[in-house]
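Here are some worked exercises to try with the structure open in your viewer. Have a go at each task before you read its solution.

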Amino acid sequence: MIHQQRFVDAVKDSGVKSVAIIDDAFDPPSISDNNAGPLLDFLEDAKNAGLLGSIGITAAQIESAKVAISETDFEADAVQELISQMYAKYSEELDARLDPGGVFSSDKASNLAYVRPLVALLKKCDPPLKIVIVGSEGDAIEEIGDDTDLIFLDFYLNRAIAADQEGTSSQKRDGRAASLEKIKELVTKRADRAPSIVLMSSHSDVSNQAESFRKGIGRGLVYASRFTHLEKKHLRFVEANVQIDPDAADALLDIVQTYEFGRALDLAFECWLKGATDAVGELRGDVEHLNLKELAYLIRFRLAAEGQGLLEYIEWFFGECLLDGIGHAFDAGILNDNRIKAVEGDAATRVEGAFDGPTKKIAELYHKVRIQSPRTASTSNYRLGDLYLVVEGTKKRIAAIVTPDCDLITRQDGKRRALRLLTVGGNYKVYDAADVTVSDFIMIGNKAYNVSWDTKEIISRDPKEWPEPGQSKDGITYLGTLRPQYAQALQRSVLDDLGRVGLSVAPALGMSAAAKIMVRTKGGETTTLTLTGLPKAYAYLVPGRNTADKPKVVFIRRYVAALLDELIKLDVEDYPVVVQLKKAGAYQKLQKMFQDGIRIEDVVDLGISVTAKLKAPSDIWCWISVSLPDYDD
């Protein structure tokens, strides 16, 4: 039950103190002519008075309920309150003594069976969590306080859908709508104290709808970093413990371990977005104060002489002003909310398996940071950093203009100072090798590449044989333009490092990798081990920032557990180190494999290393050989 204890430990360290569960499994069954008889018999039996009294039901309540049932007034408050109290206690332990005539089990057994393991798991946390359990009907949602940190929400809030039945399309539609309505209400009224959300269901078709559900809550209300999906069937009782399947363990650990960091990050995002909105408003006020003469003066005595258009100049000028305004507004927002400072603290270090998949979205954003994609509006001038894909037969190269901007502008006489265009060439390489870096990252056709510039490949080109500014022609495709900072860095490298421009740290970009496990007996014989039950992508290579920075390999969390399980099965006579692997603390020594990652050719611990080679030094008994799959160019 390792996942159970890891979850309990994670909750203790996370800062999560209050949890709510919203599930129609906790809606008491309706009383009708079909089940009212057994209930009335139960209430009239004097020996049950003590049992009911032990759960807080008074004699007066019992008498009022008996009268209402006798008069077939099943919706009376006395009946509903009594049933709610009885069912709430019954759902905790499934006490048959509180189930007159099977009125509860016949209607709720399957729904409760799927959700009770989760409740039991939460109750194992120490210090104890504040747990609020509500159904889908009435005003029960009001019991969920503003201090709630985490909400478990049933995807289909419809008591007509049993956990072991499919349900009709209309029932599912109504259940989903009810669930959305509940969570919207909770999240909206909590503003900056919005809780993290775990969407759960006993129906397997929900996993593909989880992301659309999150978006349906409302833009900016719930970030993906604080939202996950859980299949109830992945939690089940094994005697007094709760067994958690790997997928569920990943979801639960991720949402809990990222709670503090995720909240701080979301608040930072909101702070930045609000700062951007405020800065736009402030800049609008500044623009409104500009008069026609000031703009005419700018055109006549500056832009016309430089050959630059007003619209292009406005984009740059006001863009820089806006950036300054956003920075000041962002600073003010951070100072007003101490919770944001957790982003800079140790909250991120609590996240296991922080690198559990490819970084496509980060790659797309980083491409935008580095490169301005082709614009729909035409431009009359080439620019420093214009990028082109040049195809000559089977040879494909990247070319970048390194001529200074001032020599590329078309002057009033229709001429440029530069009679020819100076370009530097480079080879672009897909991420298929462990030594690739992200120093010159580019995306071409939704695929990530790294450009290796050859500063000796300097070519002077005739503009007449080159595409028009911002355009493409046969064999030469315009890819966009490097942002000024990166264009200048490239230009200076061409000029033999006469000057450098500091670049922002490149983000961690990763790609799927394959890993082969080899073990060596004390006699020197080698064997290959195979792990089962893992997803297709279980390891990721994070390239170094440059050639001097060794790449890292980050494994998914369950890979480490599977590796340890497989290694301890080995014969101690052939592999003496297995004795150490079976001791407490062995798993913790290997956690760096999914927390921080292991650099290529480094030792993890316990004689286990990660390498890009098929062989390892004689002092290594277990090595994981990492390779990358082939990619089509």
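**Exercise 1. Work out the strand order of the parallel sheet in this predicted model, and find its edges.**

Solution. Start with the order: the five strands of this open sheet run E2-E1-E3-E4-E5, with parallel pairing. Next, look at the ends of that list. E2 (130–134) and E5 (227–231) each have a single partner strand, so one side of each has no neighbour in the sheet. Now check the twist: ignoring direction, neighbouring strands here are turned by 20° against each other on average.

Then zoom in on one pair. E1 (residues 18–22) and E3 (residues 150–154) run parallel and are joined by four bridges. For a handy landmark, find Ala20, which stands opposite Ile151 in E3.

**Exercise 2. Find which strands of this sheet helix H7 lies across, and then place Lys172.**

Solution. H7 (residues 169–190) lies across E1, E3 and E4, and runs at about 165° to E3. Helix H9 packs on the sheet as well: it touches E3, E4 and E5, and its direction makes about 150° with that of E5.

Now go to Lys172, which is found in H7. Is Lys172 buried or exposed? The cut-off for buried is under 20% relative accessible area. Lys172 has 14% relative accessibility, so it counts as buried. To see what is around Lys172, skip its neighbours within four places in sequence: the contacts are then Tyr156, Ile161, Glu166, Gly167 and Asp205.

**Exercise 3. Compare the end-to-end reach of helices H10 and H6 with what 1.5 Å a residue predicts.**

Solution. Take H10 (residues 259–288) to begin with. From first C-alpha to last, its 30 residues reach 43 Å, close to the expected 44 Å.

Now do H6 (residues 105–123). This helix has 19 residues, and a straight helix would reach 27 Å, but the end C-alpha atoms of H6 are only 23 Å apart. Look along H6 for a bend and you'll find a kink of about 45°, centred on Leu112. Leu112 is also among the buried residues of H6, a list that includes Lys108, Arg116 and Pro117.

Back to H10 for its surroundings. Its buried residues include Tyr259, Arg263, Asp266 and Cys271. The buried residues of H10 pack against helix H1 (2–14), strand E4 (196–201), helix H9 (246–257) and helix H12 (310–335).

**Exercise 4. Trace the seven-stranded sheet and say what packs on it.**

Solution. Write out the order: E8-E14-E9-E10-E11-E13-E12, an open sheet with antiparallel pairing. The edge strands are E8 (371–372) and E12 (441–444), each pairing on one side only. Helix H13 (residues 360–370) packs on this sheet and touches E8, E12 and E14 (476–482), with its direction at about 110° to that of E12.

For a closer look at a pair, pick E9 (residues 386–392) and E10 (residues 395–401): they run antiparallel, joined by six bridges. Glu392 has Lys395 in E10 as its bridge partner.

**Exercise 5. Find the residue with positive phi in the hairpin of E20 and E21.**

Solution. First get the pairing: E20 (residues 602–605) and E21 (residues 608–611) are antiparallel, over three bridges. One of the partnerships is Asp602 with Val610 in E21. Then go to the turn. Two residues lie between the strands, and Leu606 takes a positive phi near 55°.

**Exercise 6. Describe the environment of Ala68.**

Solution. Ala68 sits in helix H4 (residues 59–70). With a relative accessible area of 6%, Ala68 is buried. Leave out neighbours within four places in sequence, and Ala68 is in contact with Asp73, Ala76 and Val79. The C-alpha atoms of Ala68 and Leu40 are separated by 9.9 Å, with the two residues 28 apart along the chain.

**Exercise 7. Classify the aromatic pair of Phe317 and Phe318.**

Solution. How many aromatic pairs does the structure hold? There are 14. The Phe317 and Phe318 rings are 5.5 Å apart centre to centre, with 65° between the planes, and the pair is edge-to-face. Phe317 itself is partly exposed, at 35% relative accessible area. Elsewhere, Tyr87, Tyr90 and Phe104 form one aromatic cluster.

How values were computed. Residues are numbered from 1 along each chain as its sequence is written. This is a predicted model: local features need pLDDT of at least 70, side-chain atom pairs count only at pLDDT 80 or more; totals for chains, interfaces and linings use all residues. Side-chain values use heavy atoms; hydrogens and water are left out. The expected span of a helix is 1.5 Å times one less than its number of residues. Buried means under 20% relative accessible area, exposed over 50%, partly exposed in between (1.4 Å probe, protein chains only). Contact means heavy atoms within 4.5 Å. The bend at a residue is the angle between axes fitted to the seven residues ending there and the seven starting there. Two strands pair if DSSP finds at least two bridges between them. Axes are lines fitted to C-alpha atoms, for helices over the stretch in contact, and angles run from 0 to 180 degrees between N-to-C directions. Rings of Phe, Tyr and Trp (its six-membered ring) pair if their centres lie within 6.5 Å; planes under 30 degrees apart count as stacked, over 60 as edge-to-face and the rest as tilted.
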